[in-house]
Protein chains: 2
Amino acid sequence: MSSKEIPYKIYLEESEMPQSWYNVRADMKNKPAPLLNPGTLQPMTAEELGHVFCDELVKQELDDTNPYIEIPEEIRKFYRMYRPSPLVRAYCLEEKLQTPAHIYYKFEGNNTSGSHKLNSAIAQAYYAKQQGLKGVTTETGAGQWGTALSMACAYLGLDCQVYMVKVSYEQKPFRREVMRTYGAKVTPSPSETTEVGRKILAAHPGTTGSLGCAISEAVEAATSQEGYRYVLGSVLSQVLLHQSVIGLEAQAALAKYDIVPDLIIGCAGGGSNLGGLISPFMGEVLRGEKNYRFIAVEPASCPSLTRGKYVYDFCDTGMVCPLAKMYTLGSGFIPSANHAGGLRYHGMSSVVSQLYHDGYLEARSVEQTSVFEAAEMFARVEGILPAPESSHAIRVAIDEALKCKETGEAKNIVFGLTGTGYFDMVAYEKYNNGEMTDYIPTDADLQQGFDGIPKFPGNEI
Amino acid sequence: MSSKEIPYKIYLEESEMPQSWYNVRADMKNKPAPLLNPGTLQPMTAEELGHVFCDELVKQELDDTNPYIEIPEEIRKFYRMYRPSPLVRAYCLEEKLQTPAHIYYKFEGNNTSGSHKLNSAIAQAYYAKQQGLKGVTTETGAGQWGTALSMACAYLGLDCQVYMVKVSYEQKPFRREVMRTYGAKVTPSPSETTEVGRKILAAHPGTTGSLGCAISEAVEAATSQEGYRYVLGSVLSQVLLHQSVIGLEAQAALAKYDIVPDLIIGCAGGGSNLGGLISPFMGEVLRGEKNYRFIAVEPASCPSLTRGKYVYDFCDTGMVCPLAKMYTLGSGFIPSANHAGGLRYHGMSSVVSQLYHDGYLEARSVEQTSVFEAAEMFARVEGILPAPESSHAIRVAIDEALKCKETGEAKNIVFGLTGTGYFDMVAYEKYNNGEMTDYIPTDADLQQGFDGIPKFPGNEI
């Protein structure tokens, strides 16, 4: 089929939208290692997990055998409000680069949360509602996940309590107000509302908070209130499952025009977007049906896949969550202060980690000034102001398209454009003013983080 | 056709997108009154207008006979990056309201400028480029128009100079940075870069600027630089022409599912969105083919249609532009300080004004707390955080749907959702905190504005 016949935006019909999520673990020969109870070092049981997470989500978290899990009708109804998301042919970017490559991006930013996070937020809120719960608690840093969860809870009439890292609460008042508009109760963390928060405030009166502390508060809030559970926006296998809707739609859209991708690129923080985008394609590879290249892109300032250790580690700096086996920089690792975008999580989804460990996936780290350079170019020719996170994938898509220009290959490059940057203008301002800098952690910097990884037999780094 | 078969979002195929804009003036028996030269009180000639505006746009401004004007291929290419915009069936809102009415909205917010303004920005930038100009100048208040123009100019490689009202420049740094990311030169107005700016600064050293002043600076900048012209985002007939793409797409989408609208609702500031949305439908009415009700919704705090005078007035507070015959509150009118949203223009498009004067259009004014109440409800059930401007239309759509609930009528209500509210969170915060108030100007307030309307024979108020 000639490229002329491919529209700028491929939209599926609503009837063509996925009816089930795809669970890539079912097709993995080497399953991701189980979550461990940090006290006993034994695999977490459904019962143990059920104190923190909804029952149905626990089931999904532990299910590594069923390839397809039906999407409940109520969730599909919600999806129809903002999905299918378009698969866009980046004609203008191709022209700008003068590349023979064909570039496509799956755009997840056309909803008020501004990212793909909504795909899992509605699922997690739905199961909480089904279980008859009153509400859910969570933490949020920059606010993308908190916004998505607020929207899902508003839709279902569920209470939503968000612990927002204090510095973000104060510096990102707009994100906070979006959440409040959706009826969420947003508390700056650390706060006086939890024991752990009071303890931290007493020890560090002037602290501006951290994601680790906010997680600890949200988990305490969930377990100390009748009818509440804690929810998390990335890293977990259940989240990757829900996000597979991205990849399934992309797969269907490509198939509609007989396009076979050569290369699939996603940015990676906790791995939810990357995992969701690549899952169905990876399934084809795992089943020996196809052969695609996958590239995970991470910031050079937070290089968990490219420079981390593949061991069991805490999922949170507060060390209240189970241990997960993953590529990690250590739960105490914090990117240098000049790091502007997201993707600052110290670890990586167990699913993505295992696939990377088994060689199914490449990883590349990029520096932030080059990321914003790509973001600016993309914005100017494609008209969408991308989130800094998404721009990591743009950077590598452009690099690969330029390689095609050298070799003359007309490769099909697909990347995930996870969201928009409307609430990230402080970072853009830094870039516009020429004040953005790069910092690659030294081996000594990384060693500090590695030193905090728990040591037990079989978990040597 | 049963409502069950109507999807949540009706998207046209790219091949179904309009090839021409529709010029409603061609079907009006009473043409809008011509722009007048404020010195001679004679109709502005093409030559006079050509000093300020691009030649092709002058032609469009003066053309009240050709019903269809072809959209150049380059503009249609740009439209394909973010259009067709969806016509959304508001199933969730209907359910929330328990109304038998069917509610549809044409959503123009899925692009980085966040509104419909991009439809005219690309057209105006294109004609400037075609004329071999170096760049364009404009003013912006809140920044929606400035952002749209920056995007269009970045795409075409045209210089873009934006005079941004100083108070907005300082209080809305994010909007400013979006424009800078698209390469625009953004100057806080009043500035030292123009004679009129220096004059105002000398007289009022502490001034935070006004739209009128920014227009004056932008016009001076255009006429004093070789190869520049001035562009405007609303009010002008050329802008309504470009915005007719909204109505044409809506018309095609409704026709695809045999939906006949009973009621078409749009918010009205300068009239660009309302005029664009209703134009093709109004054409059917003017030609005697159909009969629809149209409602223009404006803020009670800036009620140009519902309480203004239908006379010739200045388009800008600086009084540098031609006189236009329109419903106006006087060019010196400023909404009370508690007014939060946009739609603060003192006048109204000549086309919309004439249609209203001739009884083809109803007008309704609404108070802002009730507008934000509607915005919040809409956001929570439909998932889109609407711009305060757009929420005026939502308010009346909800009111009309509730009337249908009383009468049991299953009317088809269509409204224009012009944009998103991501950069309006200061106003939402006020509402969330219960600090938003209403103010309806008294007759004495309005009289002050009316006193500034120019007096000459035939222009008595």
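Is B:Cys267 buried or exposed? Select B:Cys267 as the starting point, and its relative accessibility of 5% tells you that it counts as buried, where buried means under 20% relative accessible area, exposed means over 50% and partly exposed lies in between, all with a 1.4 Å probe and protein chains only.

Before going on, note that this is a predicted model, in which local features need pLDDT of at least 70 and side-chain atom pairs count only at pLDDT 80 or more, while totals for chains, interfaces and linings use all residues. Residues are numbered from 1 along each chain as its sequence is written, chains are lettered from A and ligands numbered from 1 in the order in which they are written, and side-chain values use heavy atoms, with hydrogens and water left out.

**The cysteines**

Stay with B:Cys267 and add B:Cys302, which holds the closest cysteine sulfur; the two sulfurs are 13 Å apart, too far for a bond. A disulfide is counted here when a pair of cysteine sulfur atoms lies within 2.5 Å, and over all chains the structure holds 0 disulfides. Moving to chain A, select A:Cys160, which is in no disulfide, its nearest cysteine sulfur being that of A:Cys153 at 4.1 Å. A:Cys160 counts as buried, with a relative accessibility of 2%.

**From B:Cys267 to B:Asn273**

Return to chain B and select B:Asn273, whose side chain reaches the backbone oxygen of B:Cys267 at 3.2 Å. B:Asn273 lies in helix α12, residues 272–286 of chain B; helices (H or I, at least four residues) and strands (E, at least two) are DSSP runs, numbered from the N terminus. With a relative accessible area of 3%, B:Asn273 is buried. If you set aside its neighbours within four places in sequence, B:Asn273 is in contact with B:His116, B:Ile246, B:Gly266, B:Cys267 and B:Thr418, contact meaning heavy atoms within 4.5 Å. To get a sense of distance, select B:Gly157 as well, which is 116 residues from B:Asn273 in sequence and 26 Å from it in space, C-alpha to C-alpha.

**Loops with unusual backbone angles**

Which value does phi take at B:Leu41? Phi is near 60° there, a positive value in a residue other than glycine. B:Leu41 sits in the loop between β2 (20–22) and α1 (46–50) of chain B, and at 31% relative accessibility it counts as partly exposed. Next select B:Asp258, which is not a glycine either but has a positive phi of about 55°. B:Asp258 is placed in the loop between α11 (237–256) and β10 (263–267) of chain B, and its relative accessible area of 60% makes it exposed.

Now select B:Arg83 and B:Pro84, which are joined by a cis peptide bond with omega near -5°. B:Pro84 lies in the loop between α3 (73–82) and β4 (87–89) of chain B. In chain A, the peptide bond between A:Arg83 and A:Pro84 is cis, with omega about -5°, and A:Pro84 is found in the loop between α3 and β4 (87–89).

**Two buried residues of chain A**

With A:Arg83 still selected, add A:Asn119, which touches A:Arg83 and other residues including A:Tyr79, A:Tyr82, A:Glu108 and A:His242. A:Asn119 lies in helix α5, residues 118–130 of chain A, and at 0% relative accessibility it counts as buried. Then select A:Met164 in strand β7, residues 159–165 of chain A, which counts as buried at 0% relative accessibility. Beyond its neighbours within four places in sequence, the contacts of A:Met164 include A:Thr140, A:Tyr169, A:Arg175 and A:Met179.

**Where the chains meet**

Finally, show both chains together: the contact takes 43 residues from chain A and 43 residues from chain B. About 4,200 Å² is buried between them, of which carbon and sulfur atoms give 55%; this is the accessible area (1.4 Å probe) that two parts lose on being put together, summed over both. Select B:Glu95 and A:Lys77 to see their side chains meet in a salt bridge at 3.1 Å, N to O. A salt bridge is a side-chain nitrogen of Lys or Arg within 4 Å of a carboxyl oxygen of Asp or Glu, and the count between chain A and chain B is 4 salt bridges.

Notes. Polar contact = N/O pair within 3.5 Å; in protein donor to acceptor, adjacent residues only side chain to side chain.
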